[in-house]
Amino acid sequence: MIPSYKILPQSSSDLNGYFGLQDFISIPFYNYESNPDNFFNTKDWGISLQYGAEFSGSFNSSIYLLGISKRIGNHSLSARYTPGFQKEFLFSTGESIVVNDTTTQSLEANYTYKELFGLGYSYKMNEQLSAGLSLRFFEQDFNQQIVKPVFGDTLYLVTENLSEDLNFWKADIGIDYFLNDQLQFRLASINLLNFGDDPTTEEFQGFEIKQERGAFIAAGFFPYNYLNFNFIYETTSSFQFSTTGNANKFVYGVTAFHDQYQEPYIAGLVPSFGYRTNLFEVLLSGVYYFSDRTNDAGFSQFYEEGIDNIINNRYSYNKIVLSLALNISSTPEKKVELIDVQIVREIYPTFYDMYLDKPFAYGKIVNISSEQVKVTPSVRIEGITEGNINSPQVLVEPGDTSTVPFYLIISESLNMERATLSNADFYVNVTSNQPDDEMQKPALVNSENAWDGNVVNLRYFISKDMNFSMNYAKNILSENKNILDSLLAELDEFEKAKLLFNEFVKKMTYVSDPRASVEYVQFPNQTFELKGGDCDDLSVAYCSLLESVGIQTALVDYKNDLQLRHVNVMFNTKLSPEQAALITNNDSKYFIRKNEQDIDEVWVPIETTSLTNFGEAWNLGVEKFNREALNELGLASGKVEIVDVY
Amino acid sequence: MKKILTYLIISTSVFLLVSCDKPAPTQLVDDTNNDYEVELLNKDLENYISSGSDTSGVTQDLTGLTNLISVSGIKITTSKGTISTSLAQAMFFDKSKPIYYSDGKLLGYRTIIPGIIKFNETEANIVPYRLKFREEGIQKDTLIGNRYLLYNIFGGVPDPFYFNYNAQVSFEFSTFIGGNTVTFPILTPKEITGNVVFTGKSINKNLEATLNWNTDGIGKVSIIIGLIRPNQITSIPVYRFRTRDDGEIRIPARLINQLPLYRFEKIVFTFVRSYEGYHDYGDNDLLVSSQSIHSIVIEIP
């Protein structure tokens with residue numbers, strides 16, 4: 001009789017105003033209405049509750065929403081139960097039945113529109129783009145009294161209750177695009193897919209919730225943290241605009257909306273104010289309509305236009321809504337990302353403190369938050385470290401990329417007999433124990449006897465079994481106490497070195513390194529146990545003996561022949577050049593070096609592989625040193641290097 | 001802290017869920033002008049007895065109880081065309097002379113003829129007034145007296161009484177003895193002309209009727225739906241709808257399709273726009289009525 005037409009009022013409206021694109025809201029309130037792609041920042045489990053009250057003349061409070069969300073990598077899933085998303089209309093059908101001459105009975109109707117629950121899925125493709133869909137389930141309960149004739153022997157008019165429940169699903173998709181930190185966009189469908197029951201009862205046809213397709217585009221401009229602007233335009237010429245912001249842990253905003261089917265032009269406001277922590281968020285919001293909603297509404301307009309949005313239509317009352325969200329896992333918002341890690345050093349377990357000074361890896365991080373952050377890098381290698389080894393904090397400005405070092409402390413109890421390939425886990429943390437990002441890389445962990453060929457690092461082998469060397473050296477010196485006591489005090493170091501060498505070589509034979517492909521260095525106790533070794537092993541063992549009794553040593557690295565490098569020993573006699581005659585009149589048999597006080601001291605080179613006696617080893621050491629280091633300018637050219645053990 | 005908050009929010013949710021209301025409903029006020037009353041006029045369609053008081057058989061409840069002065073302009077539209085008639089009648093009852101059914105139930109009162117009545121200065125005829133009724137399954141009639149009657153079926157025949165629409169009919173009463181005269185005008189309503197869009201088929205039970213008429217915009221109209229048996233001319237009134245005089249009503253399909261239409265040949269939609277006024281004279285209430293009637297007779301498809 002009277003044609004009905006469809007309306008599309010503010011399908012993107014929700015109860016919290018425009019918070020959908022806000023980074024500072026990490027826990028969602030499941031506002032599928034303005035956020036159909038349900039993009040949000042929650043990283044783990046989140047639960048939400050919305051409780052509100054309507055001012056309809058009386059005061060009705062109800063649970064609007066209970067929701068849960070879960071983030072799995074770049075996938076986020078959410079579900080909500082919305083018992084309070086319902087609108088009930090009561091009216092007289094206009095039909096009356098004359099019961100008798102003086103009495104009539106008016107027939108009543110009750111139409112209820114409900115959105116019962118919704119499901120959401122979103123996929124974050126990259127930092128700029130995410131897309132998703134929402135699926136929402138609606139129920140429409142139509143109940144109406146009718147008068148109906150019943151014909152038997154006589155004709156009667158009876159009153160019947162006519163009812164029909166219509167269910168339908170609504171599916172929408174949305175895309176969020178973050179152009180940069182200041183401009184963000186959202187494109188989403190409205191009523192993209194609707195499928196479900198159609199009314200079969202004539203009386204209810206035309207009263208279904210309107211499901212006209214449309215779309216909305218939203219833009220957000222974020223010039224400051226404390227003040228930003230958002231705008232949503234719907235294809236039906238409705239729009240809303242809002243300003244939101246945050247200061248410290250407080251969030252706030254106000255949304256105004258125009259709905260072409262609501263009066264006045266700006267139909268209402270949605271103010272919001274909230275407080276957030278990493279663990280929970282609470283938001284107090286309201287919907288205030290500029291038109292008086294407590295006046296009686298006419299049936300004719302409802303009949304002609306119906307409704308298309310359950311929570312915001314011309315019959316909606318002013319509301320106040322309290323939203324609570326809890327982050328169950330307390331996983332903080334990710335603030336930095338670990339882009340890449342480069343391992344710059346192999347791991348030699350014996351070099352236990354070398355990685356305290358020299359990072360074994362460097363990571364590249366980027367601050368994706370809007371604030372300056374202190375990043376703590378840390379690393380853990382299974383079987384190598386005891387827990388995570390933290391490196392010093394690095395300060396990174398918003399948006400900046402920075403390189404962070406990863407230092408390492410190797411467990412003292414480590415006993416690596418052979419090289420293994422292990423996984424190194426690299427972490428970057430900002431505020432909590434939960435890392436913001438992590439990366440795993442394979443790392444080669446050498447055996448404890450492995451050496452990188454750098455003579456400097458032989459010091460680690462020298463100092464490894466210092467107690468053993470000390471006991472060994474003291475035993476020898478005590479056995480020769482009479483000799484030492486009868487000498488000049490100035491010759492103490494020289495004679496000790498001589499005695500120790502002569503005892504040392506008695507038990508040793510030269511054995512070349514059996515591990516051709518890998519540098520292998522014995523610890524002093526292993527050399528004594530095996531009664532031999534190559535130049536590295538013998539030099540390490542002899543140095544260890546000398547150092548254990550306080551004689552300063554240096555390793556002489558001969559690099560002339562790349563195929564066969566050689567190491568021998570030089571020790572400090574503590575004699576001055578003037579006192580050198582106490583040990584030799586041949587000034588080519590020693591080498592003058594300045595100590596830390598810039599005083600010249602006499603150093604003597606010893607060829608540790610000459611396993612005859614001290615004099616022979618001295619002669620061979622001097623001969624090699626003079627030839628390669630001095631005559632052939634090895635020291636000047638770098639082909640011969642003197643490396644102080646300490 | 002985290003656990004406490006989790007338990008707190010879950011327990012709060014459960015508490016609120018079981019304790020709170022549902023959102024407030026909206027009570028809609030009927031501003032459609034589409035409201036109507038429906039009244040069942042006859043329960044027994046098999047044994048209906050017409051009072052024969054007018055050609056449509058549906059307009060007045062002439063049960064012999066209420067003193068009545070009535071003028072009517074009547075149109076009857078059939079497939080052959082439209083016939084216009086005018087009717088004026090009056091009847092007065094002697095409440096001291098009741099007539100009862102055999103079971104003691106009041107049937108009516110005997111009429112009296114207190115004087116001379118003129119409508120538009122035409123003297124009304126005095127004719128016998130028989131009341132038809134059914135008792136114990138047998139159709140009976142009884143003469144309860146006389147009544148005043150004028151009717152003009154065609155061009156002033158048999159009586160030169162013309163019903164003037166949207167105007168007035170003059171009424172004059174003179175006693176036989178003493179010559180006291182009472183006169184007053186009876187206002188008449190605007191002529192009503194109806195139209196029926198009747199679709200569907202009875203066998204499919206999908207008949208639908210949408211009725212339109214020329215609206216007067218004020219007051220109400222009555223629409224009476226009646227049925228006519230095959231080979232008969234008397235309509236059996238079934239429903240009376242009373243609705244605003246806004247020009248349109250859609251008859252709920254169920255009210256038509258649930259009727260035993262297979263026993264009837266025609267359906268009659270009668271549009272009635274009337275002015276009525278009761279005058280209280282103690283035990284002798286007087287109903288003064290003027291009405292415009294348009295009956296449309298349609299073969300049941």
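Reader: Happy to look at this one with you! Which exposed residues does α4(A) carry on the face turned away from its buried side?

Author: Glad to have you here; please keep in mind that this is a predicted model. Helix α4 of chain A covers residues 466-479. On the face turned away from its buried side, the exposed residues are N467(A), N471(A), N475(A), S478(A) and E479(A).

Reader: And why do the buried residues of α4(A) lie on the same side?

Author: The buried residues of this helix are S469(A), Y472(A) and A473(A). In general, an α-helix has 3.6 residues a turn, so residues three or four places apart point the same way. The three buried residues of α4(A) are on the same side because the arc they cover around the axis is only 95 degrees.

Reader: What helps to cover the buried residues of α4(A)?

Author: The residues to be covered are S469(A), Y472(A) and A473(A). Their cover comes from chain A and includes α6 (492-506), α7 (524-530) and α8 (535-548).

Reader: Let's turn to the contact between the chains. Which element gives the largest share of the side of chain A that touches chain B?

Author: The contact involves 51 residues from chain A and 41 residues from chain B. Several elements of chain A supply at least two residues each, including β1 (46-55), β6 (129-151) and α1 (299-305). The largest share is 12 residues, and the element behind it is β4(A).

Reader: How many residues on that side of chain A are nonpolar?

Author: The side of chain A that touches chain B has 7 charged residues and 15 polar ones. The remaining group, the nonpolar residues, counts 29.

Reader: Where does a strand of chain A pair with one of chain B, and which residue stands opposite A297(A)?

Author: The pairing is between β16(A) and strand β1 (residues 26-29) of chain B. These strands run parallel and are joined by 2 bridges. Within β1(B), the residue opposite A297(A) is L28(B).

Reader: Now for chain B itself: which strands stand at the edges of the open sheet β13-β14-β17?

Author: Chain B has 2 helices and 19 strands, and 3 of its strands form this open sheet with antiparallel pairing. From one strand to the next, the twist averages 15 degrees. Each edge strand has a single partner strand, so one side of it is left without a neighbour in the sheet; these strands are β13 (194-199) and β17 (248-251) of chain B.

Reader: Which residue of β14(B) stands opposite G194(B)?

Author: β13(B) and β14 (residues 208-213) of chain B run antiparallel, with 6 bridges joining them. Opposite G194(B) in β14(B) is W213(B).

Notes: Residues are numbered from 1 along each chain as its sequence is written. Chains are lettered from A and ligands numbered from 1 in the order in which they are written. This is a predicted model: local features need pLDDT of at least 70, side-chain atom pairs count only at pLDDT 80 or more; totals for chains, interfaces and linings use all residues. Two residues are in contact if their C-beta atoms, placed from the backbone, lie within 7 Å. Helices (H or I, at least four residues) and strands (E, at least two) are DSSP runs, numbered from the N terminus. Ala, Val, Leu, Ile, Met, Phe, Trp, Tyr, Cys and Pro count as nonpolar, Asp, Glu, Lys and Arg as charged, and the others, Gly among them, as polar. Two strands pair if DSSP finds at least two bridges between them. The expected span of a helix is 1.5 Å times one less than its number of residues. A residue is buried if 20 or more other C-beta atoms lie within 10 Å of its own, exposed if 12 or fewer, and partly exposed in between; C-beta atoms are placed from the backbone. The arc is that of the directions from the helix axis to the C-beta atoms. Axes are lines fitted to C-alpha atoms, for helices over the stretch in contact, and angles run from 0 to 180 degrees between N-to-C directions.
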